[in-house]
Amino acid sequence: MDALTQLNVLGLVLSAVLLAMACIKADRVRAWRATVNPSAEEVSDASFVAARLTFVALAGVGIYLSVQGFRVSDDTVWDNAELTTAVQGATDALDGSSGFGEIYAEDNDTRWIDEYATKIEQEVVEHGGGDAPQYGVTATPAAPNTASEARYTVTGADLAFCMQVTRTRSKDGDYEPPGIAGGQGTVTVRSYDFAVTTREGGC
């Protein structure tokens with residue numbers, strides 16, 4: 001339970017206490033005051049009415065703020081259902097996708113692994129839906145990884161998911177930018193296809 005949710009629960013508890021205080025009978029309060037301080041002046045019925053109204057009003061404000069706080073908490077914290085749906089949506093979107101490597105990178109380059117972690121986080125957030133937070137997802141590469149295969153532990157709620165990404169060279173998609181004078185270029189930007197699967201649990 002996050003700090004904001006704990007605060008909201010505390011607000012509801014305090015509101016319940018205030019409502020309980022408003023329900024205490026005047027005779028019981030008078031009897032208690034007489035026991036504690038027999039010489040104290042008698043409290044009028046109007047004072048009890050005013051106190052009850054104050055307690056009820058404060059309880060109402062507390063309940064309203066707590067409900068609003070739960071809404072804010074729901075918008076800022078991932079729950080398990082939201083994360084599950086978002087991770088599955090991101091997996092479907094990334095599986096079968098393609099992309100280019102860095103312009104001078106060889107097939108054994110592993111720098112793509114950290115960059116792809118950011119792509120995973122963005123895709124999960126994008127597939128979170130309207131009520132899901134727009135941040136708070138982390139995709140952490142799980143060692144060991146290779147230039148052709150990487151695993152990521154995706155977290156954001158109580159659940160964790162292991163996303164496995166396989167990168168395959170796709171020569172048909174290679175791009176050769178034209179040379180400076182407009183002629184044939186000398187650099188080939190390598191293209192890769194990505195196969196992505198996900199299972200519940202950390203890597």
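What follows is a walk through the fold, its sheet and a couple of local details. The model is a predicted one, and residue numbers count from 1 along the chain.

Start with the overall make-up. The protein has five helices and five strands. Read from the N terminus, the elements go α-α-α-α-β-α-β-β-β-β, so four helices come before β1, by the numbering of elements from the N terminus. Of the 203 residues, 29% count as buried. The accessible surface adds up to about 12,500 Å², and carbon and sulfur atoms hold 58% of that. As for how the chain comes together, take the contacts between residues at least 6 apart in sequence: 67% of these link residues at least 24 apart.

Now to the sheet. All five strands go into one open sheet, ordered β1-β5-β4-β3-β2, with antiparallel pairing. At the edges sit β1 (98-100) and β2 (138-142), each of which pairs on one side only. From one strand to the next, the twist averages 35°. The β1 edge is held to β5 (residues 191-200) by three bridges, and these two strands run antiparallel. One residue of this pairing can be picked out by name: Phe 100 has Ser 191, in β5, as its bridge partner.

A helix goes with this sheet. Helix α5, which spans residues 112-126, lies across β2, β3 (149-155), β4 (160-169) and β5. Its direction makes an angle of about 40° with β3.

Two loops are worth a closer look. The loop between β1 and α5 contains Asp 109. This aspartate counts as buried because its relative accessibility is 13%, which falls under the 20% cut-off. And what does Asp 109 touch, leaving out residues up to four places away in sequence? The answer is Ala 147 and Arg 167. Of these, Arg 167 falls within the residue range of β4 (160-169).

The other loop, between β2 and β3, is where Pro 144 is found. The peptide bond leading into this proline, from Ala 143 to Pro 144, is cis, with omega near 0°.

To pull the threads together: the open sheet runs β1-β5-β4-β3-β2, helix α5 lies across β2, β3, β4 and β5, and the loop between β1 and α5 carries the buried Asp 109.

Methods: This is a predicted model: local features need pLDDT of at least 70, side-chain atom pairs count only at pLDDT 80 or more; totals for chains, interfaces and linings use all residues. Side-chain values use heavy atoms; hydrogens and water are left out. Two strands pair if DSSP finds at least two bridges between them. Axes are lines fitted to C-alpha atoms, for helices over the stretch in contact, and angles run from 0 to 180 degrees between N-to-C directions. Contact means heavy atoms within 4.5 Å. Buried means under 20% relative accessible area, exposed over 50%, partly exposed in between (1.4 Å probe, protein chains only). Accessible areas come from the Shrake-Rupley method with a 1.4 Å probe; for residues, only the protein chains shown count as cover.
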